[in-house]
Structure formats: C-alpha cells, structure tokens
Amino acid sequence: MALGILVGLLRGGRAVPKSGIGALTSKRGPRNFYKGKGCKSTGRHTSKGAYVLMEEKLPKYVVPDLTNCKLKPYVAHDTPTKLEVVSEKAAT
C-alpha cells in the first residue's frame, strides 16, 4: 500500500484528496478519541468514580429585572402576523 502512494506522489499525484480527508469523528479517530459537544466541565471526577460539582465552574447567568416590561414571554400560534413599526418620535 505504501508503495502505491509513493509511486503516485512520484508521478505528480496527491497523497490527500483535494476535498480533504473529511470530518474527524469517533469512527475515524484513534481508539480513545472522544470529540464531545464543546461544553466546559462543571466539576471533576474523584478517585472512587464519583463526580463532584464545583461552584466556581458552574455557569452564572445575569438576568435583568423584567417586572415593568410590557413584553410577554409567550406568543400564541394564532397571533396575526401584522407588522407595525412605531418609532419614539412618532409616539410623542
């Protein structure tokens, strides 16, 4: 197999296709390859196999006070799709 690649390179061929090798997945990677989902860990594993959550690693969400907000958190499916543009200058 290596001889075929070497002969192809000597004749001006490419070792890797122009489109690239493709996405690296757990099927294409080494035996212990785990790609994950890109999220950070929230704790650590102990020597006995347990998982301990660490307070400093937990995400902290900053939510503003919405007590006097006129917007509602839910929009019903039967709401009409009428668009109305209201500017601050026209309202005063």
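1. Accessible areas here come from the Shrake-Rupley method with a 1.4 Å probe. With that in hand, the protein chain exposes about 10,000 Å², and carbon and sulfur atoms supply 60% of that area. Please keep in mind that this is a predicted model.

2. On to the fold. The protein chain has two helices and two strands. Reading along the sequence gives the pattern α-β-β-α, with the strands placed between the helices.

3. How much of the protein chain is buried? Buried residues account for 2% of its 92 residues.

4. A word on the cysteines. C39 has a relative accessibility of 66%, and exposed means over 50%, so C39 counts as exposed. C69 has a relative accessible area of 35%; because that value lies between the 20% and 50% cut-offs, C69 is partly exposed. As for disulfides, a search of the whole structure finds zero.

5. V52 may be a handy residue to look at in your viewer. V52 is found in strand β2, which covers residues 51-53. Is V52 buried or partly exposed? Its relative accessibility is 32%, and buried would require a value under 20%, so V52 counts as partly exposed.

6. Which residues does V52 touch, leaving aside those up to four places away in sequence? They are T42, G43, R44 and T46. For one of these, T42, there is also a distance: V52 and T42 are 10 residues apart in sequence, and their C-alpha atoms are 8.4 Å apart in space.

Conventions: Residues are numbered from 1 along each chain as its sequence is written. This is a predicted model: local features need pLDDT of at least 70, side-chain atom pairs count only at pLDDT 80 or more; totals for chains, interfaces and linings use all residues. Side-chain values use heavy atoms; hydrogens and water are left out. Helices (H or I, at least four residues) and strands (E, at least two) are DSSP runs, numbered from the N terminus. Buried means under 20% relative accessible area, exposed over 50%, partly exposed in between (1.4 Å probe, protein chains only). A disulfide is a pair of cysteine sulfur atoms within 2.5 Å. Contact means heavy atoms within 4.5 Å.
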